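Work through the exercises below with the structure open beside you. Each one sets a task and then solves it step by step.

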Amino acid sequence: MHVVEKRQLMSAVEIPRTLDRLAHEIVEKSGGAKDLALIGVRRRGIPLAERLAKIIRASSRAQVPVGTLDITLYRDDLSTVAPQPVVQASEIPFAIDGSDILLVDDVLYTGRTVRAAMNGLFDLGRPRRIRLCVLIDRGHRELPVEATFVGRSVETSDTEIIEVRLQEIDHDERVMVMDRVD
Amino acid sequence: MSHRFRHLLGIEPLDAAQITFLLDQAKPFQEFQRHPLKKLATLRGKTVALLFFESSTRTRISFATAAARLGADTMNLQAESSSLKKGESLVDTVHTLLAMKPDAIVMRHSSSGAAELVAARVDVPVINAGDGLHEHPTQALLDALTIRDRRGKLEGCKITIFGDILHSRVARSNIHLLSKFGAQITLCGPAMWLPRELECLAPNIRLVPRLEEALKGAEVVMALRIQQERLHEPSLPAEEYILNYQLTPARLRLASPDAIVMHPGPMIRGLEIDPAVADSPQSCVLEQVTNGLAVRMAILFELIAGSAEPKEQAKDSSHAAD
C-alpha cells in the first residue's frame, strides 16, 4: 500500500495568503483578540498556530500566546494507529482557566483529533470557550465537531488522503490530495 | 523515531537509542505529575497485574499509581498472602492469574531470571520490577532520567556507586545503563561485597575499596541500601561500616562540587548516609521518586498501548504518523 499524488490543492503562495485571511477573520470575530490564546495541535497545527499568532499580533497589538498540545494520550484509536505510539510534551505557557482558546490544526476530518484535544484541554483547566481553526476541512465528520475558521473546504473520498507540507517541518509548502494505491 | 518493546526484563539487552527513547517518553509524564487532574483515560479498561513475590512498598505503590493515573485497573498479589505459601509453583500462579486476562504483568521475585521465565510463557507484556540479584530496569531508568535532568546529559558521566554492590540489582541495572553512555563507573564497598567479577560487567569500571578514594571527582554519588541483616559481628559490625563507608558531608566534599547524591531508597539515616547529606540541595532522592512515577507511566503506556497489532489503517493515519 502506498500513496500517489492526485492533485495539488494549495501552493506555496496560497498557504500564506490563506493564513493571512484567516488571521484577519479571527481578529474580526474575536473582539480584537485581547484574551485570545492559540493552541497548535500535535505536529502541523503548531507552525500554523505560530504563523497565525504572528500575523494577529502585528495587526491587533494583542499578546496572543501560543501553546502546543500532544493528543497521543487522549486518542480513542491507540490500537489502530502506528505500531508504537510516541508521546511528546504539551507546552501551554498560560492559564487555561477562563481563557479564550483557538485550537489550530491542519486538517479537520472525522473530528476525533479535536475531541481528543478538547479532552486534553479540560484536564488542564476550564476554558471560557474553545473554537477551531483549520487549514483544510475535508468533511466526513464522525463526531459533532465544527470549525469556526476554515482555510478551504474540500470534498474528498474515503480512500483519499490530504497531505499538508509546511516549511517548518517538511521544508516544502503545499497541500495535496493523495490516493491510496495497492 | 519510535521503538517497539514487548517486555521490559532488563537494561542489558537494550541499546542507548532505545534507552534514550524511553527517557524521552517519560518527559511528558513528568509534566503530567504537575496537572491539577492526574487522571488519563489512555489505558481505561486495561488491567495491570502487580505480582510482588518479594515485599515492597515503594515500587509497588509507584507502579499502582502509574497504572491508575493512566486510567488502568490493577490486580494485586503480595507474597505474604500468596498461594506460594501453600506450595503453588510460580508458573501455576501466573497461569491462574492469566485466566483473569490482565493486559500486563509487573513482577518482583527473589529469584534472578524469574521475570524472563514468566515472559517466555505468557502472551502479555511483562515488566521486571526486580528479580533476585539480577536487574531492576525501571530503577535504572528513573536514575538515568534524574541524572540527565540534573547534569544535562548522560554521556561520559563519572559515577561512584557504593555499598553492598554484590547483592544489588539496582547497581547492576545502573552499571549496564550508564556504561552504554560511556560512563566512568567506580564501585566501592567492603571487600566481601565487591567481588572482582564486577569489573567484567562493562568497560570502564574500577573497583576501589576506600570511599575517600572512590569519591574523588565523582559527578554522581549513588548510595546503596544496606540490609541490616547482612551487617553482623564478626565480619562487619554496623559501627565499622559507618566509620568507613558512611557518606558524610566531609566525604561528599571530595566529590565534584556540584555532584548529585542519589539513593534508591529506603534510606537509613545514620547508616549509609549522614542525615545532613540526605537533606542537602545535592540530594536527589525525592526527585528520583517523582521520576519513578513518570518512568513507570511511560513504560506501562509503551508496552500496553504498543502491544496491540494495528487492526487497520486508521483514518487519520497521515496525521498519526506525525
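**Exercise 1. Find the partner of A:V41 and place the pair in its sheet.**

Step 1. A:V41 stands opposite A:L69, a residue of β3(A). The model is a predicted one.

Step 2. Strand β2 of chain A, residues 36-41, pairs with β3(A) in the parallel sense, over four bridges.

Step 3. Both strands belong to an open sheet of five strands with parallel pairing, in the order β3-β2-β4-β5-β6 of chain A. β3 (66-69) and β6 (149-153) of chain A are the edge strands, each pairing on one side only. From one strand to the next the twist averages 25 degrees.

**Exercise 2. Identify the helices that lie on this sheet of chain A and give their directions.**

Step 1. Helix α2 of chain A (residues 45-60) lies across β2, β3, β4 (100-108) and β5 (129-137) of chain A. Its direction is at about 155 degrees to β2(A).

Step 2. α3(A) also packs on the sheet and touches β2, β3, β4 and β5 of chain A. The angle between α3(A) and β4(A) is about 150 degrees.

**Exercise 3. Decide whether A:A117 is buried or exposed, and list what it touches.**

Step 1. Locate the residue: A:A117 is in helix α3 of chain A, which covers residues 112-124.

Step 2. Count the neighbours. A residue is buried if 20 or more other C-beta atoms lie within 10 Å of its own. A:A117 has 27 other C-beta atoms within 10 Å, so it is buried.

Step 3. Leaving out residues up to four places away in sequence, A:A117 touches A:V41, A:L69, A:I71 and A:L103. Two of these names are familiar from Exercise 1, where A:V41 stands opposite A:L69.

Step 4. For a distance along the chain and through space, take A:G67: it is 50 residues from A:A117 in sequence, and the C-alpha atoms are 12 Å apart.

**Exercise 4. Describe the overall build of chain A.**

Step 1. Chain A holds four helices and eight strands. Read from the N terminus, the elements run β-α-β-α-β-β-α-β-β-β-α-β.

Step 2. The radius of gyration of chain A is 16 Å, close to the 16 Å that the globule rule gives for 182 residues, so chain A is as compact as a globular protein of that length.

Step 3. Along the principal axes, the C-alpha atoms of chain A fill a box of roughly 50 × 35 × 30 Å.

Step 4. Of the 182 residues in chain A, 40% are buried. Among contacts in chain A with a separation of 6 or more, 70% are between residues 24 or more positions apart.

**Exercise 5. Trace the pairing in the five-stranded sheet of chain B.**

Step 1. The sheet is open, its pairing is parallel, and its order is β7-β6-β5-β8-β9 of chain B.

Step 2. At the edges stand β7 (205-208) and β9 (260-262) of chain B; each has a single partner strand, so one side of each is left without a neighbour in the sheet. The twist averages 20 degrees from one strand to the next.

Step 3. Take the pairs in turn. Strand β5 (residues 158-162) of chain B runs parallel to strand β6 (residues 184-188) of chain B, with five bridges between them. One bridge partner here is B:I185 in β6(B), matched to B:I159.

Step 4. β5(B) is also joined to β8(B), in parallel, by four bridges, and B:I161 stands opposite B:M222 in β8(B).

Step 5. β8(B) pairs with β9(B) in the parallel sense over three bridges. In β9(B), B:I260 stands opposite B:V220.

Step 6. Now look at the side chains of strand β8 (residues 220-223) of chain B. In a regular strand the side chains alternate between the two faces of the sheet. B:V220 and B:M222 point one way, B:V221 and B:A223 the other way, and all are buried.

**Exercise 6. Characterise the contact between the two domains of chain B.**

Step 1. The domain assignment gives domain 1 (16-136 + 288-305) and domain 2 (138-285) of chain B. Their centres, taken over C-alpha atoms, are separated by 26 Å.

Step 2. In chain B, 19 residues of domain 1 are in contact with 23 residues of domain 2.

Step 3. On the domain 1 side, the elements giving two or more residues are α1 (16-32), β4 (126-131) and α11 (285-305) of chain B. The largest share, six residues, comes from α11(B).

Step 4. By type, the residues on this side of domain 1 of chain B divide into nine nonpolar, seven polar and three charged.

Notes:
Residues numbered from 1 in each chain as written. Chains lettered and ligands numbered in written order. Predicted model: local features only at pLDDT ≥ 70, side-chain atom pairs only at ≥ 80, totals over all residues. Rg over C-alpha atoms; globule rule 2.2 N^0.38 Å. Buried ≥ 20, exposed ≤ 12 C-beta atoms within 10 Å, placed from the backbone. Contact = placed C-beta atoms within 7 Å. Domains from an automatic or database assignment. Nonpolar A, V, L, I, M, F, W, Y, C, P; charged D, E, K, R; others polar. Pairing = 2+ DSSP bridges. Axes fitted to C-alpha atoms, helices over the stretch in contact; angles between N-to-C directions.
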